[in-house]
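Me: I'm new to reading protein models and would like a close look at one part of this one. Could you walk me through the place where the ligand sits, and what surrounds that place?

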Amino acid sequence: MTRSAQLATPLLERFGVLAQARATAADALRATSPIDGAEIGRVAPVTPEQAAERIQRARAAFLAWRTVPAPRRGELVRLLGEELRAAKDDLGALVSIETGKIRSEGLGEVQEMIDICDFAVGLSRQLYGLTIASERPGHRMMESWHPLGVVGVISAFNFPVAVWSWNAALALVCGNPVVWKPSEKTPLTALAVQALFERAAARFGDAPEGLSQLLPGGREVGELLVDSPEVALVSATGSTRMGREVGPRVARRFGRVLLELGGNNAVIVAPTADLDLAVRGIVFAAAGTAGQRCTTTRRLIVHRSLADTLMQRLQAAYARLPVGDPLEDGTLVGPLVDQAAFDAMQAALRAAEAQGGQVSGGERVLAQQYPDAWYVRPAIVRMPRQTDTVRQETFAPILYVLEYEHFEDAIALQNDVPQGLSSAIFSNDVRETEAFLAADGSDCGIANVNIGTSGAEIGGAFGGDKETGGGRESGSDAWKAYMRRATNTINYSRELPLAQGVRFEV
Ligand code: NAD
């Protein structure tokens, strides 16, 4: 047994899912660890019949769950948070093994799940509607928020469990069951999370059966969720390519969709920037997680006067970045998820070169030690302008560097990409930072000052516009996407006045 399989096996055993992770069917999903490329488990995909049955079970659970008082629903999520706290080390380790994230990021992902559970528990007593002034005497208007229905979650490989929790914690307190199609690259962490949910539900006592359903499988299983009329909301996280298919398909049946798609996030470094902060913020956001976060910094837009200095400092920091086994203490950059990610990275680097880019780094490392894994040195590419390659999201650690002279040009470059997820400025000039945050500043869903583009907290709404899909998840009032709104007008008078002064008397 390989090292990654040896490490994964006892974890799967403790989650009680080892048997499910040892499927023998010919079409089983093969889970491999990006650490060494070795197989760590096999999970049977659901058949279309099983998928339909699980969606039906969730639908039946909805009919019961929607009438349970929201604070009581919050109790289930509180218990889920407790299970996650107890299993944090094991689940964090499994995330690292299955995705190749460094240990602290695997643990951080589980912490994010715990945080959103805490948030959702509080929210379960705050699903507020408004009372609205009525124009008619003796009338009152209000709005009520009601459970929506089955929430389908489709998730990406790079946050294999946190994305489920952002959706599930809110959906559950809002009165909805969840049916989850995890990434085909990360079925084992999904099994573990489902097991934790079941533990929480057992402690809760009278949760309806079927509140959380798992649909392991590939894209075709995702399509079943997308097309099912029983699924009221499809929350899909992944590439823009996926969202372009999913969005119109759900719209065709008038379902609700929440899309969290690709990003092409930029950092602007202005002349007054604190360069120490900027270098730290950029290196974490550009090279951390081996460039495999939706919020990874992919573009650096630096004032011409600072460009050489900043490049030197970044290159020095990149040269010191420890690339290697993500489970080892001290490693900061783990592997790419698979060979396809490596090939896409190399193709982007060659294309950037052909467009006038000067590439440093980007080469494969540790190939002898890990012939079946894909470790790279993060790349920095100085570009003469924002070319087609720069405008695409390549899901790997490539930082394109562009220069600007006038502040307005920096904003224009930052916005001149199809995606609109995250952005940041390093500047101590309040005019610039406010302009960056203004209506005609950054067009992204996330705009930061003096911190990088990645590492969002759960308290804010998360997501972005344009080809990032427009969805918002997690904090603030993102919960409203998981409920339906009813406007109620109540007449407590003895008259029946019509709105807008309309008269209709027979
Ligand atoms: P992907 O698009 O290949 O797959 C994502 C999920 O969608 C998988 O579960 C896959 O099976 C499913 N899927 C693919 N095509 C489908 C279809 N036609 N119908 C239904 N389901 C379908 O993405 P990936 O490689 O796993 O993840 C990386 C991408 O995800 C990057 O583009 C990254 O920016 C994005 N991402 C975005 C966010 C965000 O919150 N905005 C978060 C994480 C990842």
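Reply: Here is a walk through the ligand's surroundings, with the domains on either side and one residue to finish.

First, keep in mind that this is a predicted model. The mean pLDDT of the chain is 98, and 100% of its residues reach 70 or more. As for the overall scores, ipTM is 0.98 and pTM is 0.98.

Now for the big picture. The chain splits into domain 1 (10-18 + 48-261 + 469-486) and domain 2 (265-461). Measuring from centre to centre over C-alpha atoms, you get 30 Å between domain 1 and domain 2. Where the two touch, domain 1 puts in 19 residues and domain 2 puts in 14. On the domain 1 side of that contact, α4 (88-99) and α5 (103-123) each bring at least two residues, and α5 gives the most, with six. Sorted by class, that side of domain 1 has five nonpolar, seven polar and seven charged residues.

So where is the ligand in all this? It lies between domain 1 and domain 2, because both of them give residues to the shell around it.

Let's zoom in on that shell. There are 29 residues around the ligand, and the ones that come nearest are Ala156, Gly222, Gly238, Glu260 and Cys294. Two helices, α8 (219-227) and α9 (240-252), each supply at least two residues of the shell. The largest share comes from α8, which gives four residues. What kinds of residues are they? By class, the shell has eleven nonpolar, eleven polar and seven charged residues.

A database record fits in here too. In an unreviewed entry, UniProt lists residues 27-485 as "domain: Aldehyde dehydrogenase". That span is 40% helix and 20% strand, and its end C-alpha atoms lie 42 Å apart.

To finish, pick out one residue, Tyr375, and see what is around it. Tyr375 sits in strand β14 (residues 375-376). Is Tyr375 buried or exposed? Tyr375 has 24 other C-beta atoms within 10 Å, so it counts as buried; the cut-off for that is 20 or more. If you skip the neighbours within four places in sequence, the contacts of Tyr375 are Val323, Gly324, Pro335, Arg364, Val365, Leu366 and Tyr370. Ile446, on the other hand, is 71 residues away from Tyr375 in sequence, and the two C-alpha atoms are 29 Å apart in space.

How values were computed: Residues are numbered from 1 along each chain as its sequence is written. This is a predicted model: local features need pLDDT of at least 70, side-chain atom pairs count only at pLDDT 80 or more; totals for chains, interfaces and linings use all residues. A residue is buried if 20 or more other C-beta atoms lie within 10 Å of its own, exposed if 12 or fewer, and partly exposed in between; C-beta atoms are placed from the backbone. Two residues are in contact if their C-beta atoms, placed from the backbone, lie within 7 Å. UniProt positions are given in the numbering used here, feature names are shortened, and annotations may be inferred rather than shown by experiment. A residue is near a molecule or strand if its C-beta atom, placed from the backbone, lies within 6 Å of it. Ala, Val, Leu, Ile, Met, Phe, Trp, Tyr, Cys and Pro count as nonpolar, Asp, Glu, Lys and Arg as charged, and the others, Gly among them, as polar. Domain bounds come from an automatic or database domain assignment. pLDDT is the predictor's confidence in each residue, from 0 to 100.
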